[in-house]
Amino acid sequence: EIEAAGRATAERIGAACRSVGFMVLYNTGIADGLMDAALAAARRFFAAPLAHKQTASNTGSRCYRGYEQLEGKEAWEMGRELPESAGVLPLHGPNRWPAPDFGGGEFRASIEAYYSEAVVFARCLLAAMCVALGLPPDSMHAQTDAALAYLRLWKYEAGSAAGSLPEHTDHGFLTLLLQDGG
């Protein structure tokens, strides 16, 4: 029964990918408390004084990680934590975390915990996509084992006149969006 239910779920995921291009997913296995903690940490970070946010600035970062201000929005980005020596490859290297004196390192702990679980869920979703394509669930494992999964926090200052967020493009193969409802 479990295998049949998994196959049925994979078929629904495949149908959504083919017909709509996105889906709303529930019961991801990521605890509600973990998602809530990550969203709360993001709100506190973006509400912090600019000087604090700039302690994590991505200025000069070869791996494009950390805090940045853009027109009408702010962002902070991280990826799999890699040593400084990994920076010889594009987008590889260490994350830029805000100074721990604001919030006692709570931001990093909350965001890393959520990131880890989101990566696990993304791998499960990829396995379901493989099944939907008639492939074994682990058929993309070798190609994605060392993938640079990114987590990007956004704070939009204002939407368009119609109330929507400014247009942007996500990079990568699969985008998971955790919305705060605000």
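The following exchange asks how several descriptions of this predicted model are justified.

Reader: What makes the model readable, and how confident is the predictor in the chain?
Author: The model is predicted, so local features need pLDDT of at least 70 and side-chain atom pairs count only at pLDDT 80 or more, whereas totals for chains, interfaces and linings use all residues. Residues are numbered from 1 along each chain as its sequence is written, and side-chain values use heavy atoms, with hydrogens and water left out. On the pLDDT scale, the predictor's confidence in each residue from 0 to 100, the chain averages 86, and 90% of the residues score at least 70.

Reader: How do you know that β1 and β2 pair, and which sheet do they belong to?
Author: Two strands pair if DSSP finds at least two bridges between them, and β1 and β2 (residues 73–79) have five bridges in the antiparallel sense; therefore they meet the criterion. Strands here are DSSP runs of E with at least two residues, and helices are runs of H or I with at least four, numbered from the N terminus. The open sheet has the order β1-β2-β3, with antiparallel pairing, and its edge strands are β1 (66–70) and β3 (150–156), each pairing on one side only.

Reader: What makes the span of α4 close to the expected one?
Author: The expected span is 1.5 Å times one less than the number of residues. Helix α4 has 27 residues and reaches 39 Å from its first C-alpha to its last, close to the 39 Å expected.

Reader: Why is the pair of Trp76 and Trp97 called tilted?
Author: Rings of Phe, Tyr and Trp (its six-membered ring) pair if their centres lie within 6.5 Å, and planes under 30 degrees apart count as stacked, over 60 as edge-to-face and the rest as tilted. The ring centres of Trp76 and Trp97 are 5.0 Å apart and their planes stand at 45 degrees, so the pair is tilted. This pair links distant parts of the chain, with Trp76 in strand β2 and Trp97 in the loop between β2 and α4, 21 residues apart.

Reader: Why is Trp97 counted as buried?
Author: Buried means under 20% relative accessible area, exposed over 50%, and partly exposed in between, with a 1.4 Å probe and protein chains only. Trp97 has 12% relative accessibility, so Trp97 counts as buried, and Trp76 is buried with a relative accessible area of 0%.

Reader: What makes Phe45 and Phe46 an edge-to-face pair?
Author: Their rings lie 5.3 Å centre to centre with 70 degrees between the planes, and both values meet the criteria for an edge-to-face pair. Phe45 and Phe46 are also buried, and they belong to one aromatic cluster that includes Tyr67, Trp76, Trp97 and Phe107.
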